[in-house]
Amino acid sequence: MGRCRHATWNTRTVVEAWKKKEKKMGENSEEQQQWSRETVPRVMKIIITSSKLRLPQRDIISLLFVSSSLIRTLVTLPSLWLVLDFHEMNNAGDRLISARSLPRYHNVKQIILEFAQGIEDKHLSIIRNQFSGSLKNLEHLNLNGCQKISDNGIEDITKASPSLKIFSIYWNVRVTDVGISHLVNNCKHIVDLNLSECKGISDKSLQMISESYPHLESLDITRYVILKCVKITDGGLQHVIIKCAGLKSLNLYALSSFTDGVYKKLSLLTDLRSLDLCGAQNLSDEGLFSIAKCTNIRTLNLTWCVRVNDAGVIAIAQGCTNLEFLSLFGIVGVTDKCLEALSKLCSNTLTTLDVNGCIGIKKRSREELLQLFPYVTCFKVHS
Amino acid sequence: MTSSKTIVLRSSDGATFEVDEAVALHSLMIKHRIETGGADSTTIDVPEVTGNTLSKVIEYCKKHVEAPNSDDLKSFDTDFVKVDQAVLCHLAKASYYMNIKGLLDLSSKTIADMFKGKTVEQIRETFHIKNDFTPEEEEELRKENSWNLFV
């Protein structure tokens, strides 16, 4: 039984007392000043540093303009100035240089230039030369969609950022193995690399990556193969699998040239949690028998892996008992038999299951699936 | 059930509040004081917090200690922060000083939502802040940050 005895205060009284005080404050200049100059900056400092709040860049900059007391407090809070976000902005190169020249961004940890326009090699060259030592704390660089950047730009920016851990440059067709050689020479601590749709990269890059980053955790080399000319083969991937034993996430979406030869080696990646093999047309049950040894897999995408049959999926059910996400979209060779096995072994953890287009499975309606997999909430992954 | 111990909390302006020890312990700062305090740990001073604010803080702690799993806890929290910005600011300060994480996160988020997406003028108005920049200072600031302004 709780007891909270207080003589005269209850909520209504509190609110009334505050209303009176507020009115007084409007008239009383000294109190107003203390409020503006001390209380508000102090409260802002508290909420920014002590709670788990993450303020958007736009709001942070607005706050700078509010009052001189506030700006004096804000520029001393390091957590506000760790990210520079220019995604989808125009003139991004000039903006980056402007921002970087401000002392409060001296320790910036993350720069986002995803789909920004107006960012070219020359800007990265200026950053490297004018602000030497300036990006020494940069850990995360997102150049996704920055199609004008070439190997030269990569050389400059990686030279300026030796602490880089996460590097993402998807959909850039100018970068070649030369650019990757600059990356591996200048940045020794990469753990997360996204080279999705970088058509200029070959097995040579994979070999360099495997030799330089034994602690790599995540690799994305998704490739929509439109031309038959494929620069990435079993050999390149094999290097990565053997040397980067700690890989947790591997995205090989639409890389259809690999064969069972390299898929079987995936069993070496015992830490693997996420594997995307969408479009792996050469993957057979043999390959899946090996992959089933990666018992930590939570996410497995087998969309369009048309050579797979029940045996392979059953092996996965037996091996990957913590499976949460599975797509068998478009696989005609699997039947209800594999669903029974999955239900028996993985129904506790499965929350996403896509069996659209699996005409070999008779019981595919939502209700029938929920009978077997009570926790599934998402039935469609591939469109 | 054995009778629970009570603690007296004293605000900066001398107001006293008698609360169950369990409720008071929701504040890690008070918990620490009690655990490290001597024999006379039945009255605890909270000099950073006024009576008005302390009363509201106690209300929060009471609800969260006595009915932590109740269905209406969420709506209690929502209603609890339907107060004006001055009260919210004092709540944030008090919860920081008294180390009550739930209340700190709640009041912080509410304050941040109050200035989310707002213009500079609107923020000043909402929080009763005086603009003390000179026109020259403002112009300089604008130039310095033109790279980020959404014109």
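User: I'm new to this one, so let me start small: in which helix of chain A is the place of A:G319?

Analyst: A:G319 sits in helix α13 of chain A, which covers residues 310–319. Keep in mind that this is a predicted model.

User: Is A:G319 buried or exposed?

Analyst: For that, look at relative accessible area, where under 20% means buried. A:G319 has 15%, so it is buried.

User: Which residues does A:G319 contact, leaving aside neighbours within four places in sequence?

Analyst: They are A:A292 and A:T295. You can also compare distance along the chain with distance in space. A:G319 and A:C294 are 25 residues apart along the chain, while their C-alpha atoms are separated by 7.2 Å.

User: Let me try a loop. Where does A:Q281 lie?

Analyst: A:Q281 is in the loop that runs between β9 (274–276) and α12 (285–291) of chain A. Between 20% and 50%, a residue is called partly exposed. With a relative accessible area of 37%, A:Q281 is therefore partly exposed.

User: What does A:Q281 touch, not counting residues up to four places away in sequence?

Analyst: A:Q281 touches A:S256, A:V306 and A:R307. As for A:L302, 21 residues separate it from A:Q281 in sequence, and the two are 9.7 Å apart in space, C-alpha to C-alpha.

User: Now chain B. Which residues of helix α4 are buried?

Analyst: Helix α4 of chain B spans residues 73–80, and its buried residues are B:L73, B:F76, B:D77 and B:F80. Looking down the axis of α4(B), you'd find these buried residues within an arc of 95 degrees, so they line one face of the helix.

User: What covers the buried residues of α4(B)?

Analyst: The cover includes three helices of chain B: α3, α5 (85–97) and α6 (101–115).

User: There's a loop between α3 and α4 of chain B. Is B:N69, which has its place there, buried or exposed?

Analyst: Exposed means over 50%. B:N69 has a relative accessible area of 73%, so it is exposed. B:N69 and B:G37 are 32 residues apart in sequence, and C-alpha to C-alpha they are 31 Å apart in space.

User: And where is B:K93 found?

Analyst: B:K93 is in helix α5 of chain B. This lysine is buried, because its relative accessible area is 17%. Beyond residues up to four places away in sequence, B:K93 touches A:T39, A:R42, A:V43 and A:I46. Compare B:W147, which is 54 residues from B:K93 along the chain, with 33 Å between their C-alpha atoms.

User: What about the nonpolar core? How many residues does the largest one have?

Analyst: A core like this is a set of buried nonpolar residues joined through side-chain contacts. The largest one here has 160 residues, and those with the most contacts inside it are A:L113, A:F167, A:L277, A:L283, A:L302 and B:F115. The largest share of this core is seven residues, from α5(B).

User: Which residues is B:F115 in contact with, leaving aside its neighbours within four places in sequence?

Analyst: From chain A there are A:M44, A:I47, A:L55, A:D59 and A:L63, and from chain B there are B:I123 and B:F127.

User: How many cavities of 30 Å³ or more are there?

Analyst: The count comes to one. About 50 Å³ of space lies in the largest cavity. Its lining includes B:L9, B:V19, B:S27 and B:M98. By class, the lining has nine nonpolar residues, one polar and no charged ones.

User: Which helix gives the most to that lining?

Analyst: That's α3(B), with three residues. In chain B, α1 (21–24) and α3 (51–66) each supply at least two residues of the lining.

User: One last feature: how do I read a phi angle?

Analyst: Start from the general pattern: most residues other than glycine have a negative phi. A:E197 is not a glycine, yet its phi is positive, about 65 degrees. A:E197 has its place in the loop between β6 (192–194) and α9 (203–212) of chain A, and at 9% relative accessibility it counts as buried.

User: What is phi of B:H128 near?

Analyst: Phi of B:H128 is near 55 degrees, a positive value in a residue other than glycine. B:H128 is in the loop between α7 (120–127) and α8 (135–144) of chain B, and at 35% relative accessibility it counts as partly exposed.

Key: Residues numbered from 1 in each chain as written. Chains lettered and ligands numbered in written order. Predicted model: local features only at pLDDT ≥ 70, side-chain atom pairs only at ≥ 80, totals over all residues. Heavy atoms only, no water. 1 Å grid on protein atoms, 1.4 Å probe; cavity = no way out; pocket = protein on both sides within 12 Å on 5 of 7 lines; lining within 4 Å. Points joined across faces, edges and corners; volume = space filled by probe spheres on them. Helix = DSSP H or I, 4+ residues; strand = E, 2+ residues; numbered from the N terminus. Nonpolar A, V, L, I, M, F, W, Y, C, P; charged D, E, K, R; others polar. Buried < 20%, exposed > 50% of the residue type's maximum accessible area, 1.4 Å probe, protein only. Arc of directions from axis to C-beta. Contact = heavy atoms within 4.5 Å. Core = buried A, V, L, I, M, F, W, Y, C linked by side-chain atoms within 4.5 Å.
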